[in-house]
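This report goes through helix packing, nonpolar cores, the contact between chains and some backbone details. The sequence and structure come first.

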Amino acid sequence: MKRHSVRIAVIATAAILAAGVLSSCSSAAPTGGSTAASTGSKTIRVTLANHVWTDAIKAKLPEFEKETGLKVELSQYGEDQLSAQYNVKLNAGTNEIDVMMYRPLQEGKLFAKDGYLANLSTDVKSDPAWGWSDFQSGPVGSTTYKDKVVGVPIITEQEVLYYRKDLLAKAGLKVPKTMAELEQAAKAIKAQNPGVAGFVARTAKNAAVTQYSSFLYSFGGDFIGKSGKSAIASDAAKKAYAYYGGLIRNYGPANVSTDMSWPEAMAIFTQGNAGLYTEADSLYKNATDPAKSKVADTVGFAPMPAGPGGSKAYNVPSWALGINAASDNQSNAWKFVKWATSKKLTLAVQQAGVPSARTSVWANKAGTATYPADLAAAIAASTKNGIGHDRPLVIKVPESRDIVGDPLVVAITGGDSNAAADQASTAFQKLLDAEK
Amino acid sequence: MTATVAIRPTAWKTYSAWANRHRKWLFAAPAMIFVGLLIAVPLAWTAYLSVTDSQGSVRAPSSFVGIANYLKVLGDTDRYWPAVLRTFTFTGGALAAELVLGMGIALLLWRPFRGEKWVRVAILLPLVATPVAVGMMWRLIFDPNIGFANQVLRWIGIPPQPWLSGQATALPTLMFVDVWQWTPMIVLILLAGLTSLSEEPDEAARIDGANAWQRFWFVTLPLMRTTVVVAIVLRGIDALKTFDILYATKGTGGGSFHEVETLNVYAYGLSFDYNDYGTASTVLILFFLLIIAIMWMVTYRRKGNRS
């Protein structure tokens, strides 16, 4: 009995000691933090995604450090790793991230709802010369949550048609302007060139949703109807599913995989193994850079072909910069955001090939001078008629993408996509109801 | 003042006597605290999350939902049960192949021969490669269009296969990769067992006129039983928990049709992709109980048979 109580005492002492160590650790952090907040740490910790934008900004960082005397500590991740990082760190309430590059349409609502993003409403209006009013209204809408500005859009994306000039010329065809012409061209290219696919695009359930969205809009549909109900089983949506899946199934690469995101699809196109390809314009450098692409000298760009609902591509802010609400260094973090999104830098970045969200940069001739002329024209068309989202606008975006993407892979593999759309619509409606 | 000086040695003596009597607890304490913090706390936290509807952020308010998550998961024939089936197919298939191959290779390496060292090193190579690198390598080899696997098939006149991208072929292909990587570990374990066997029973059987197969089946294998069970337990638990090569080759969700989604991949998706911490924790707790049950069955049966 005595031994037993001693044993318990030892364990209890150990537990108390451990708890003491832990609590001293956790109390140390805020103390250090508040000192940093009052003086403002000289180091800004910036987390960015792998992107052409990031490369361009990285090259300019020494200028910023020299101008302000601040030091930038940069962490860079691929998209999935970035999401996982944010999930773990922001969930734990970290103050180790000051500036964060995030996807307003993918995670924006979730992050804002959970209070991860600092309110920038006063910051963005503090300097008229920097020009918050210069940012396009669509992107600004998606970095605003409940009337509070929580991010500054840095990259916009529109879907365009990438095509091979030589293969179209060989088939004696013009650049497809309608969905019917697109299918005809895909068929002709596949028939004339053994081993070359007529058409390629993303095929992975989750990744394909954004690129499919322009097809959906051009067929006259949308993910969510005007009444707020699921619209993915509408006639227009069913036609769009069958069309997109059919193009890949009938005129796509042999043994087509249902795991392709943009790197895989882009590789097929740039290796010269496909004639037509619909993809985000912000990736165009991959196709026009001779170091990465075998078809750099023969690639052309056109607006999304028109369906029954017209030519309606998405026009979305794919990335934005936000400030971690738990950061102790918010005023210096804002200095970085302001610098990285300034007119001067936005122009430089756009000239490096990243479509921006600033009206003045698009109006400036120097802003589009480095773009292939047909790409600039295609982007202008998409921006004019564009739809401001490329995925369902919900909080649970990843789950909704899995649901609405399911009929796509069914169509690609030759299944009954209409039945799949009906089934997906029920699941999607359930998700919408749960979020109300 | 004098009083304190007089008491201190006694207090120290009492303490040191106490410490001496309980030294096994005292010395074990750091390790126990470490294990407690790093295993028990996360486990308890997961168990707690599994009875809440925690979503989006673990710091966001969540409410207690009792066993609702468990009922939801156990009634989910869309993702959960197929994932359970895949977990067992993957483990069972890979483990069986690894045991048969591993035993064969171990028997071949048992008797000394020339160049033995080199062969052993070559066999161990897959084991030391990092799983994600292995995943990427096989992903390239099995690429349906530019991969080496289909190139080989073309040379011998067989039509190209979808391999990792096929709905029906993805899981068997990954089982093959698992066999490729982990058979060496089984070989190592079994070889250690074989080397410790004494020669006499085998010799006796030989004198009695038993052929090679009979000597293996009736003499060597029964003597190797403990080693084989150890190999099954170690590799089985590891295979059940496989995540790296599945994620590296097929990503979150285990492919567009969830064709390689095992319990681990499913729980990862629920947690890191859907931010549905309640359901993810439920799946993990069920998975944990399942592994415990299997381990218990294997060790219990062993003890039962021995007595």
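## Helix packing

Helix α2 (residues 52-68) of chain A packs against helix α14 (residues 343-351) of chain A at an angle of about 125°, and their axes are 9 Å apart. The model is a predicted one. Angles from 35 to 65 degrees or from 115 to 145 degrees fall outside the parallel, antiparallel and perpendicular classes, and α2(A) and α14(A) are therefore oblique to each other. The crossing in which α2(A) passes α14(A) is right-handed. On the α2(A) side the contact is made by Trp53(A), Ala56(A), Ile57(A) and Lys60(A), and on the α14(A) side by Leu345(A), Ala348(A) and Val349(A). Sorted by class, this contact of α2(A) with α14(A) has 6 nonpolar, no polar and 1 charged residues.

A further pair in chain A is formed by helix α8 (residues 179-192) and α10(A), whose axes come within 10 Å and cross at roughly 10°. Since angles under 35 degrees count as roughly parallel, α8(A) and α10(A) are roughly parallel to each other. Their crossing is right-handed. From α8(A), the residues in contact are Met179(A), Glu183(A), Ala186(A), Lys187(A) and Lys190(A); from α10(A), they are Tyr243(A), Leu247(A) and Tyr251(A). The contact of α8(A) with α10(A) has 5 nonpolar, no polar and 3 charged residues.

In chain B, the axes of helix α5 (residues 116-128) and α8(B) come within 7 Å and cross at roughly 120°. α5(B) and α8(B) are therefore oblique to each other. Here α5(B) passes α8(B) in a left-handed crossing. The residues of α5(B) that make the contact are Ile123(B), Leu124(B), Pro126(B) and Leu127(B), while α8(B) contributes Trp180(B), Gln181(B), Pro184(B), Met185(B) and Val187(B). By class, the contact of α5(B) with α8(B) has 8 nonpolar, 1 polar and no charged residues.

The class counts of the three helix contacts are set out below.

| Helix pair | Nonpolar | Polar | Charged |
|---|---|---|---|
| α2(A) and α14(A) | 6 residues | no residues | 1 residue |
| α8(A) and α10(A) | 5 residues | no residues | 3 residues |
| α5(B) and α8(B) | 8 residues | 1 residue | no residues |

## Nonpolar cores

In soluble globular proteins, nonpolar side chains tend to be buried together. The largest nonpolar core in this model has 75 residues, of which Val160(A), Phe199(A) and Tyr244(A) touch the most other members. Helix α10 (residues 235-251) of chain A supplies the largest share of this core, 9 residues. Apart from this core lies another, of 44 residues, including Leu174(B), Val179(B), Leu240(B) and Val283(B).

Which residues does Val160(A) contact once its neighbours within four places in sequence are left aside? They are Asp281(A), Phe301(A), Ala302(A), Pro303(A), Met304(A), Ala313(A), Leu375(A), Ala378(A), Ile379(A) and Ser382(A).

In helix α11 (residues 262-270) of chain A, the buried residues are Trp262(A), Ala265(A), Met266(A), Ile268(A), Phe269(A) and Thr270(A). These buried residues of α11(A) pack against β6 (152-164), β7 (197-200), β8 (274-280) and α12 (285-288) of chain A.

## Contact between the chains

The contact takes 25 residues from chain A and 25 residues from chain B. On the side of chain A that touches chain B, α1 (2-39), α3 (79-91), α4 (104-113), α9 (205-218) and α18 (397-412) of chain A each supply at least two residues. α1(A) gives the most to this side, with 5 residues. The residues of the side of chain A that touches chain B comprise 10 nonpolar, 7 polar and 8 charged.

## Backbone details

Gly272(A), which follows α11(A), has a positive phi, near 85°. Asp147(A) is not a glycine, yet its phi is positive at about 65°. Asp147(A) is placed in the loop between β4 (144-145) and β5 (148-149) of chain A. Is Asp147(A) buried or exposed? Asp147(A) has 6 C-beta neighbours inside 10 Å and so counts as exposed.

In chain B, Trp163(B) also is not a glycine and has a positive phi of about 50°. Trp163(B) sits in the loop between α7 (148-155) and α8 (170-195) of chain B. Because Trp163(B) has 25 C-beta neighbours inside 10 Å, Trp163(B) counts as buried.

Technical notes. Residues are numbered from 1 along each chain as its sequence is written. Chains are lettered from A and ligands numbered from 1 in the order in which they are written. This is a predicted model: local features need pLDDT of at least 70, side-chain atom pairs count only at pLDDT 80 or more; totals for chains, interfaces and linings use all residues. A nonpolar core is a set of buried Ala, Val, Leu, Ile, Met, Phe, Trp, Tyr and Cys residues joined through C-beta atoms within 7 Å. A residue is buried if 20 or more other C-beta atoms lie within 10 Å of its own, exposed if 12 or fewer, and partly exposed in between; C-beta atoms are placed from the backbone. Helices (H or I, at least four residues) and strands (E, at least two) are DSSP runs, numbered from the N terminus. Two residues are in contact if their C-beta atoms, placed from the backbone, lie within 7 Å. Ala, Val, Leu, Ile, Met, Phe, Trp, Tyr, Cys and Pro count as nonpolar, Asp, Glu, Lys and Arg as charged, and the others, Gly among them, as polar. Axes are lines fitted to C-alpha atoms, for helices over the stretch in contact, and angles run from 0 to 180 degrees between N-to-C directions. A crossing is left-handed if the near helix is turned anticlockwise from the far one by less than a right angle, and right-handed if clockwise.
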